[in-house]
Amino acid sequence: MTTVPTFNSDPAATGESSSVGSISYLTDVGLPMPFGPQHLREQCWNFAVFAPDATKLWLCLYCPDTEELLIELPFIGRTGEVCHVLVE
């Protein structure tokens with residue numbers, strides 16, 4: 001697993017510590033199936049998106065109360081035409 005930069009960091013940077021308030025996010029490659037979000041265990045989600053023409057894809061997480069952007073996470077896995085990422 002690697003830590004990821006926050007949304008206001010350089011998007012090209014990787015391996016930096018990321019946190020929003022007291023929450024840290026870790027990412028890993030994840031699984032290409034099933035499509036969409038999948039809850040794997042407590043505070044662990046897999047996201048898979050069919051995106052045949054995408055060269056880069058980002059998962060944007062927002063605060064449900066204020067709709068403030070909390071963090072942008074790059075999809076770091078790719079299997080065929082599916083981008084995927086595991087977020088803890």
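Q: How is a polar contact defined, and which backbone nitrogen does the side chain of H84 reach?
A: A polar contact is a pair of N or O atoms within 3.5 Å; within protein, one must be able to donate a hydrogen and the other to accept it, and residues adjacent in sequence count only if both atoms are side-chain atoms. Here the H84 side chain reaches the backbone nitrogen of R78 at 3.5 Å. A polar atom of that side chain also lies 3.4 Å from the backbone oxygen of G30.

Q: What kind of model is this, and how are residues numbered?
A: This is a predicted model, where local features need pLDDT of at least 70 and side-chain atom pairs count only at pLDDT 80 or more, while totals for chains, interfaces and linings use all residues. Residues are numbered from 1 along each chain as its sequence is written, and side-chain values use heavy atoms, leaving out hydrogens and water.

Q: How many helices and strands does the protein have?
A: Both are DSSP runs numbered from the N terminus: helices are H or I with at least four residues, strands E with at least two. The protein has 0 helices and 10 strands. H84 sits in strand β10, residues 82-87.

Q: Is H84 buried or exposed?
A: Buried means under 20% relative accessible area, exposed over 50%, and partly exposed in between (1.4 Å probe, protein chains only). H84 is at 2%, so it counts as buried. Buried residues make up 31% of the 88 residues in the protein.

Q: Which residues are in contact with H84?
A: Contact means heavy atoms within 4.5 Å. Leaving aside neighbours within four places in sequence, the partners of H84 include V29, L31, F47, F75 and T79. For the whole protein, take contacts between residues at least 6 apart in sequence: 53% join residues at least 24 apart.

Q: How many aromatic pairs are there?
A: Rings of Phe, Tyr and Trp (its six-membered ring) pair if their centres lie within 6.5 Å; planes under 30 degrees apart are stacked, over 60 edge-to-face, and the rest tilted. The structure holds 2 aromatic pairs. In one of them, the ring centres of F35 and F50 are 6.2 Å apart with planes at 50 degrees, so the pair is tilted.

Q: Which parts does the pair of F35 and F50 tie together?
A: F35 lies in the loop between β4 (26-28) and β5 (36-41), and F50 in strand β6 (residues 44-50), so the pair ties together parts 15 residues apart in sequence. F35 is partly exposed at 46% relative accessibility. F50 is partly exposed too, at 48%.
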